[in-house]
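Student: Hey, got a minute to walk through this one with me? I'd like to start with pockets and then move to strands.

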Amino acid sequence: MQAKGVLNTMSLKAELRKKVGSGSAKKVREAGLVPSTLYGKGSEAVSLTVNRRELDVVLKTQGLSQAFELEFDGKKENVVVKAVNKAALADEIYSVDFKLA
């Protein structure tokens with residue numbers, strides 16, 4: 001994650017998530033990562049994981065409606081946050097959905 005350029009566009013690194021489902025998502029969260037999904041018009045959804053701390057920094061800096069760069073699998077995509085799901089009893093991000101900007 002790094003600040004770039006004059007507009008302070010943030011960059012967030014993600015990894016492809018090969019296993020999906022509640023069991024694997026729980027293991028991802030225990031490792032300090034957040035399960036996430038990238039949606040785009042005319043393309044299939046991509047399951048990813050992002051570092052919880054880096055995601056917190058991007059959300060606090062960029063907010064929920066400002067685009068930022070998501071890097072994964074050798075690609076860089078401009079995205080916005082589509083949805084953030086938080087755990088019911090803790091102020092912790094449970095999962096996040098991104099959409100192409």
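**Pocket and strands**

Student: Which residues line the largest pocket?
Tutor: Arg52, Asp56, Leu59, Lys60, Val84, Lys86, Asp91, Glu92 and Ile93 line it. A pocket here is an open set of points on a 1 Å grid over the protein atoms alone, where a 1.4 Å probe fits, with protein on both sides within 12 Å along at least five of seven lines; lining residues have an atom within 4 Å of a point.

Student: Is this a predicted model, and how are things counted?
Tutor: It's predicted: local features need pLDDT of at least 70, side-chain atom pairs count only at pLDDT 80 or more, and totals for chains, interfaces and linings use all residues. Residues are numbered from 1 along each chain as its sequence is written, and side-chain values use heavy atoms, with hydrogens and water left out.

Student: What volume does the largest pocket have?
Tutor: About 160 Å³, as the space filled by probe spheres set on the grid points, which are joined across faces, edges and corners.

Student: Which element gives the largest share of the lining?
Tutor: Helix 2, with 4 residues. Helix 2 (52–62) and strand 6 (75–86) each supply at least two. Helices (H or I, at least four residues) and strands (E, at least two) are DSSP runs, numbered from the N terminus.

Student: Switching topic: how do strand 6 and strand 7 pair?
Tutor: Antiparallel, over 7 bridges; pairing requires that DSSP finds at least two bridges between the strands. Val81 stands opposite Phe98 in strand 7, and a hairpin joins the two strands through 6 residues.
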